[in-house]
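The following exercises introduce a structure through its sheet, its core, its contacts and its symmetry. Each task is followed by a solution in steps.

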Amino acid sequence: MVHGRTITVSTAGFSDIINISGEVQSTVSSSGVQDGLVAVTVIGSTASVTTIEYEPALVEDMKEMLENVISKNTRSRHSETWGDDNGFSHMRATLMGPGITLPVVDGSVLTGTWQQVVVIDHDNRPRNRDIRIQVSG
Amino acid sequence: MVHGRTITVSTAGFSDIINISGEVQSTVSSSGVQDGLVAVTVIGSTASVTTIEYEPALVEDMKEMLENVISKNTRSRHSETWGDDNGFSHMRATLMGPGITLPVVDGSVLTGTWQQVVVIDHDNRPRNRDIRIQVSG
Amino acid sequence: MVHGRTITVSTAGFSDIINISGEVQSTVSSSGVQDGLVAVTVIGSTASVTTIEYEPALVEDMKEMLENVISKNTRSRHSETWGDDNGFSHMRATLMGPGITLPVVDGSVLTGTWQQVVVIDHDNRPRNRDIRIQVSG
């Protein structure tokens, strides 16, 4: 059995981190799947899905870390060629990947107590992001 | 058909790397699944699952690389706010992600000869880690 | 229902990036799966699968970024021990992971318009790479 839902979230860009754990669990609950997998994937080439302890200090740490590894001021042929100045956004997204797959056990997404599912929007402007939550079981 | 098992491994923390390939294959074998997927996911926000050629020299290289990219001495608001000094652990885990999904073909996890499934515990102390191995087919 | 195919692509190594979106979609189409998941996984410990906007300027940016984060000149115990000089290849692959899972909706792989599925071969020589495309639905 496969059950999917596409949600849309508004972001501020620049690796803004949005907690979507509630939407992932509610999609699993609606599906009726007790044991299976849930794949959470953001559509597009400048965003990522991962997990984090979603508290404000760590969210800032993570954004700073990404800036240290791939700065928004990194010289980019993509930015120079297309003039959209978001080469760094693409590189962050390609490094981290577009999605994760988590286990569903007894109708619940199995994560730690201090572990939330998040979308990170690396683009260089506010956007509305479509995320597919696909449940299989 | 879905078949899952949770295993627990003891780690030393600080990106200790543990080979769990045997447990992943034995869970697939027990499931009876011949063709499908296996998702391997660590529970918690300071650890990762990935693959590596599991030999001692490379394991040391990998730990050193993680220290170069996100040092345990990185200033962290999370560490300063909560006093648990593991901001770097969270950042490493969020960058790498909590799990991987591999193909199951003819009853075997399809990986290379020199490629093992590992959990990397980034936390700053020894821990017992729960890892879910979820087989679907 | 599970349907899988193994494709082989020739690469130049050194994080050469190859677009395999067409093969992923054609495997999904052949499977007859309308709604499900597709896991795309490269076999071996020195390559990765991810998504990118596949255009030449960004492909060069991404290769340069990987060189900045984990240089091919990084000192490596693995390279010194085994003499194959590809410690950096292993570290890039382990950091990025071996594969991704994407949703299949109405018979199509759900990705953005400017988002392609790619294999990145980090090894230090040309290779033929096997990639498993496993469809479940």
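Two strands are said to pair if DSSP finds at least two bridges between them. The model treated here is predicted.

**Exercise 1. Determine how E4(A) and strand E7 of chain A pair, and place them in their sheet.**

Step 1. Between E4(A) and strand E7 (residues 116-121) of chain A there are 6 bridges, and the sense of the pairing is antiparallel.

Step 2. One bridge can be located by residue: Thr51(A) has Val117(A), in E7(A), as its partner.

Step 3. The sheet that holds these strands is open and has 3 strands, in the order E2-E7-E4 (chain A), with antiparallel pairing. Strand E2 (16-19) and strand E4 (47-52) of chain A each have a single partner strand, so each stands at an edge, with one side left without a neighbour in the sheet. From one strand to the next, the twist averages 30°.

**Exercise 2. Decide whether Gly32(A) is buried or exposed, and describe where Gly32(A) lies.**

Step 1. The position comes first: Gly32(A) belongs to the loop between helix H1 (21-31) and E3 of chain A.

Step 2. A residue counts as exposed if 12 or fewer other C-beta atoms lie within 10 Å of its own. Gly32(A) has 11 other C-beta atoms within 10 Å, and is therefore exposed.

Step 3. A distance completes the description: the C-alpha atoms of Gly32(A) and Ala12(A) are separated by 33 Å, and these residues are 20 apart along the chain.

**Exercise 3. Identify the residues with the most contacts inside the largest nonpolar core.**

Step 1. The largest nonpolar core contains 114 residues, and Val38(A), Val38(B) and Val38(C) have the most contacts inside it.

Step 2. The surroundings of Val38(B) can then be listed. Leaving aside residues up to four places away in sequence, Val38(B) touches Val24(B), Val28(B), Leu102(B), Val104(B), Val109(B), Ile133(B), Gln134(B) and Val135(B).

**Exercise 4. State which elements supply the side of chain A that touches chain C, and classify its residues.**

Step 1. The contact joins 25 residues of chain A to 28 residues of chain C.

Step 2. On the side of chain A, at least two residues each come from strand E1 (2-11), strand E3 (36-42), helix H3 (77-82), helix H4 (87-96), strand E5 (99-105) and strand E8 (127-136). H4(A) gives the most, with 5 residues.

Step 3. By class, this side of chain A has 8 nonpolar, 15 polar and 2 charged residues.

Step 4. The contact of chain C with chain B may be treated likewise: 25 residues come from chain C and 28 residues from chain B. H4(C) gives the most to the side of chain C, with 5 residues, and that side divides into 8 nonpolar, 15 polar and 2 charged residues.

**Exercise 5. Find the rotation that superposes chain A on chain C, and name the relation.**

Step 1. A rotation of 120°, with 0.0 Å of shift along its axis, lays chain A on chain C with an RMSD of 0.0 Å. This is the relation of a three-fold axis.

Step 2. The copies use different surfaces, since 16% of the contact residues of chain A recur in chain C.

Step 3. Chain C is likewise laid on chain B by a turn of 120° and a shift of 0.0 Å along the axis, with an RMSD of 0.0 Å. Here too the surfaces used are different: 16% of the contact residues of chain C recur in chain B.

Definitions and conventions: Residues are numbered from 1 along each chain as its sequence is written. Chains are lettered from A and ligands numbered from 1 in the order in which they are written. This is a predicted model: local features need pLDDT of at least 70, side-chain atom pairs count only at pLDDT 80 or more; totals for chains, interfaces and linings use all residues. Helices (H or I, at least four residues) and strands (E, at least two) are DSSP runs, numbered from the N terminus. Axes are lines fitted to C-alpha atoms, for helices over the stretch in contact, and angles run from 0 to 180 degrees between N-to-C directions. Two residues are in contact if their C-beta atoms, placed from the backbone, lie within 7 Å. Ala, Val, Leu, Ile, Met, Phe, Trp, Tyr, Cys and Pro count as nonpolar, Asp, Glu, Lys and Arg as charged, and the others, Gly among them, as polar. Copies are superposed by least squares on the C-alpha atoms of residues with pLDDT of at least 70 in both. A nonpolar core is a set of buried Ala, Val, Leu, Ile, Met, Phe, Trp, Tyr and Cys residues joined through C-beta atoms within 7 Å. A residue is buried if 20 or more other C-beta atoms lie within 10 Å of its own, exposed if 12 or fewer, and partly exposed in between; C-beta atoms are placed from the backbone.
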